[in-house]
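Welcome, and thank you for stopping by. Could we take a look around this structure together?

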Amino acid sequence: MNTRSRLYRFSPDGKLIPGFSVGLPSNASAGLTLTNFNNEKRIYIPCSNQIAVYDLTGKKIEDWKNPSLDSKILFDLKAATIANQNFIIAGTSQGSVYFFNEDGTLIRKEELNVNGQTLKNPIG
């Protein structure tokens, strides 16, 4: 679980797992997403306009590129596997949807628009 400023991991008996709690680089804008891509479990947390990524021991994933997005990430991140490729998907308050691969490389960015007008509202 995460709060606005920290990541926590508890055992089933309610005790904090060693390595946690972890301070987030900036305030979380939504809850965490847990993935199991290629048998590697990771925790992804939207932190304003960037994504913080950790392993299950609380260590930051250093190879995650962590690009800045155009605005605040809304809602939780989505994880998807499409045609054997894994994606982390983030939607922003500017109406953009970002598709990242497992190391944080931007694969695709979509601008949501209707009749040529870019949407400025959150769309899930």
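Below, a visitor asks and a guide answers.

Visitor: What kind of model is this, and where does residue numbering start?

Guide: This is a predicted model, in which local features need pLDDT of at least 70 and side-chain atom pairs count only at pLDDT 80 or more, while totals for chains, interfaces and linings use all residues. Side-chain values use heavy atoms, with hydrogens and water left out, and residues along each chain, as its sequence is written, are numbered from 1.

Visitor: Which strand pairs with β3 (residues 33-37), and over how many bridges?

Guide: Strands here are DSSP runs of E with at least two residues, numbered from the N terminus. Two strands pair if DSSP finds at least two bridges between them. T33 stands opposite Y44 in β4. The partner of β3 in this antiparallel pairing is β4, over five bridges.

Visitor: Is strand β4 (residues 40-47) largely enclosed or open?

Guide: Buried means under 20% relative accessible area, exposed means over 50%, and partly exposed lies in between (1.4 Å probe, protein chains only). Six of the eight residues of β4 are buried, so this strand is largely enclosed by the rest of the structure.

Visitor: How do β4 and β5 run relative to each other?

Guide: These strands form a hairpin with two residues between them. P46 stands opposite I51 in β5. Five bridges join β4 to β5, and their direction is antiparallel.

Visitor: What is the phi of N38?

Guide: N38 sits in the loop between β3 and β4, and at 60% relative accessibility it counts as exposed. Most residues other than glycine have a negative phi. N38 is not a glycine, yet its phi is positive, near 50 degrees.

Visitor: And what is the phi of S48?

Guide: S48 is found in the loop between β4 and β5. At 31% relative accessibility, S48 counts as partly exposed. Although S48 is not a glycine, its phi is positive, at about 60 degrees.

Visitor: Which residues does a cis peptide bond join?

Guide: Most peptide bonds are trans. Here, though, there is a cis bond with an omega of about 10 degrees. S21, one of its two residues, lies in the loop between β1 (6-7) and β2 (22-23). The cis bond joins F20 and S21.

Visitor: Which residues touch the most other members in the largest nonpolar core?

Guide: A nonpolar core is a set of buried Ala, Val, Leu, Ile, Met, Phe, Trp, Tyr and Cys residues joined through side-chain atoms within 4.5 Å. In soluble globular proteins, nonpolar side chains tend to be buried together. The largest core here has 13 residues, and those touching the most other members are Y44, I51, W64, L77, I88 and F100.

Visitor: Which elements give two or more residues to this core, and how many residues does the second core have?

Guide: The elements giving two or more residues to the largest core are β5, β6 (73-82), β7 (85-92) and β8. A separate core includes L24, I43, C47 and Y54, and its size is 11 residues.

Visitor: Which residues does N101 touch, beyond those up to four places away in sequence?

Guide: N101 has its place in the loop between β8 and β9, and at 18% relative accessibility it counts as buried. Contact means heavy atoms within 4.5 Å. Setting aside residues up to four places away in sequence, N101 touches W64, Q85, N86 and I107.

Visitor: How many salt bridges does the structure hold?

Guide: A salt bridge is a side-chain nitrogen of Lys or Arg within 4 Å of a carboxyl oxygen of Asp or Glu. One of them joins R108 and E110, with the closest N and O atoms 2.3 Å apart. E40, R42 and D63 are linked in a network. The total is seven salt bridges.

Visitor: How many residues apart are K65 and D103?

Guide: Their side chains meet in a salt bridge at 3.3 Å, N to O. This pair links distant parts of the chain, with K65 in the loop between β5 (50-54) and β6 and D103 in the loop between β8 (96-100) and β9 (106-111), and the separation is 38 residues.

Visitor: Which residue forms a salt bridge with K109?

Guide: K109 lies in strand β9 and its partner in the loop between β5 and β6, so the pair ties together parts that are 39 residues apart in sequence. The closest N and O atoms are 3.7 Å apart, and the partner is D70.

Note on methods: Helices (H or I, at least four residues) and strands (E, at least two) are DSSP runs, numbered from the N terminus.
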